[in-house]
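User: I am new to reading protein models and would like to go through one slowly, with reasons for each answer. Could we take it question by question?

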Amino acid sequence: MTSDNKKAQIVSILNQKGGVGKTTTTVNLSHAVGLKEFKVLVIDMDPQCNASMILGKLSPFEQPKTIVDLFTSESNISDCIVPTKYKNVDMVSSHMDLFAVKTQITGTTEGVVGLRKKIDKATLSKYDFIIIDCQPDIGGALVTNALVISDKYIVPVGAEDVFGLRGIKQLETAVKSVRESINEKIKMLGVLITMADYRSNATSVMIETINTHFKEGEVFETVIKRNASINTAFMQNKSVISHDGRTPGAVDYSKLADEFLAKIGQ
Ligand SMILES: Nc1ncnc2c1ncn2[C@@H]1O[C@H](COP(=O)(O)OP(=O)(O)OP(=O)(O)O)[C@@H](O)[C@H]1O
Ligand SMILES: [Mg+2]
């Protein structure tokens with residue numbers, strides 16, 4: 001990766017815990033930011049391919065090139081970019097074969113800087129944001145590749161996930177190690193509380209715990225409420241905004257896009 005005239009800010013969506021809304025946030029934040037006329041590239045670094053299925057015009061198996069080609073051929077990132085269903089949002093699709101690629105690159109240089117070598121100037125200057133959906137495997141080769149190129153990271157935390165903070169400790173250690181060895185610029189943009197249900201005691205306890213653990217400004221003021229429309233959209237391979245822009249889920253993610261842009265300095 002070259003830093004000459006770099007424009008795109010690279011943001012990983014990260015948590016060791018599964019099912020906390022990483023992919024939901026990747027997809028819906030990207031769509032909402034794209035609607036505000038910023039150019040977004042999503043890189044799906046999770047072999048589960050959920051973000052690729054929601055965003056893609058084609059299934060991951062039909063895409064001409066995917067993240068797998070990036071690691072297994074001479075292809076640069078710009079060769080693997082495809083348009084998505086949503087305005088101003090492009091992506092590098094994932095593929096199930098990324099499971100095997102991960103095993104191959106673990107312990108090699110590619111397991112750390114494979115992605116960094118493939119990010120070209122043209123891509124960095126074309127997009128305002130590159131948003132990376134990570135799998136819940138902190139310390140693994142794919143998440144490490146994402147952290148090595150990231151300027152910022154966002155940590156979605158489930159509001160009723162009482163053990164959620166344990167995963168964050170592990171994450172903080174992994175990020176510290178990347179920061180000290182290879183990417184000194186990486187910083188947390190914010191913790192994002194997801195799936196909040198204000199009627200439940202667990203949500204109030206979790207919000208209080210998060211606000212105690214993190215300093216002011218480290219937690220997004222926008223809270224994503226638990227909302228069935230988010231899950232319905234997910235099941236139908238759509239963003240919640242395209243499913244129905246008036247639902248609470250769509251409104252929350254649009255608000256998050258505003259706060260994201262303000263925090264990141266746009
Ligand atoms: N705010 C919300 N309200 C209701 N359902 C939600 C909300 N956010 C996410 N979900 C649902 O929770 C499930 C898990 O979300 P998602 O796949 O985004 O989590 P993840 O952190 O990416 O999981 P994984 O670690 O497996 O990649 C999905 O079915 C999604 O539709
Ligand atoms: Mg996911």
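Analyst: The turns below go through selected residues and the ligand, beginning with how the model is to be read. This is a predicted model, in which local features need pLDDT of at least 70 and side-chain atom pairs count only at pLDDT 80 or more, while totals for chains, interfaces and linings use all residues. Residues are numbered from 1 along each chain as its sequence is written, chains are lettered from A and ligands numbered from 1 in the order in which they are written, and side-chain values use heavy atoms, with hydrogens and water left out.

User: Is Leu-55 buried or exposed?

Analyst: Leu-55 belongs to helix α2, residues 50-55, where helices (H or I, at least four residues) and strands (E, at least two) are DSSP runs numbered from the N terminus. Buried means under 20% relative accessible area, exposed over 50% and partly exposed in between, with a 1.4 Å probe and protein chains only. Because its relative accessibility is 0%, Leu-55 counts as buried.

User: How far apart in space are Leu-55 and Tyr-86, C-alpha to C-alpha?

Analyst: Leaving aside neighbours within four places in sequence, Leu-55 has contacts (heavy atoms within 4.5 Å) with residues including Val-27, Val-42 and Tyr-86. Leu-55 and Tyr-86 are 31 residues apart in sequence, and in space their C-alpha atoms are separated by 7.3 Å.

User: Which residue offers the backbone oxygen that the side chain of Asn-145 reaches?

Analyst: Asn-145 lies in helix α8, residues 141-149, and counts as buried because its relative accessibility is 0%. Not counting residues up to four places away in sequence, Asn-145 touches several residues, among them Met-45, Glu-110 and Gly-111. At 3.1 Å, the backbone oxygen reached by the side chain of Asn-145 is that of Gly-111.

User: Is Glu-110 buried or partly exposed?

Analyst: Glu-110 has its place in helix α6, residues 110-118, and it touches Phe-71, Ile-105, Lys-117 and Asn-145 when residues up to four places away in sequence are not counted. Because the relative accessible area of Glu-110 is 25%, this residue is partly exposed.

User: How much of the area that ligand 1 exposes when taken alone does the protein bury?

Analyst: Of the 19 residues around ligand 1 (each with a heavy atom within 4 Å of it), those that come nearest are Gly-19, Lys-22, Thr-23, Thr-24 and Asn-231. An oxygen atom of ligand 1 lies 2.9 Å from a backbone N or O atom of Gly-19, and a polar side-chain atom of Asn-231 is 2.7 Å from an oxygen atom of ligand 1. Taken alone, ligand 1 exposes 630 Å² (Shrake-Rupley method, 1.4 Å probe), and of that the protein buries 87%.

User: Which elements give two or more residues to the shell around ligand 1?

Analyst: The shell around ligand 1 receives two or more residues from each of two helices, α1 (22-35) and α11 (228-235).

User: What is the phi of Asn-237?

Analyst: Most residues other than glycine have a negative phi. Asn-237 is found in the loop between α11 and α12 (240-243), and it counts as partly exposed because its relative accessibility is 29%. Although Asn-237 is not a glycine, its phi is positive, at about 55°.

User: Where does Asn-88 lie?

Analyst: Asn-88 has a positive phi near 65° and is a residue other than glycine. With a relative accessible area of 16%, Asn-88 is buried. Its place is the loop between β3 (81-83) and β4 (89-92).

Conventions: Polar contact = N/O pair within 3.5 Å; in protein donor to acceptor, adjacent residues only side chain to side chain.
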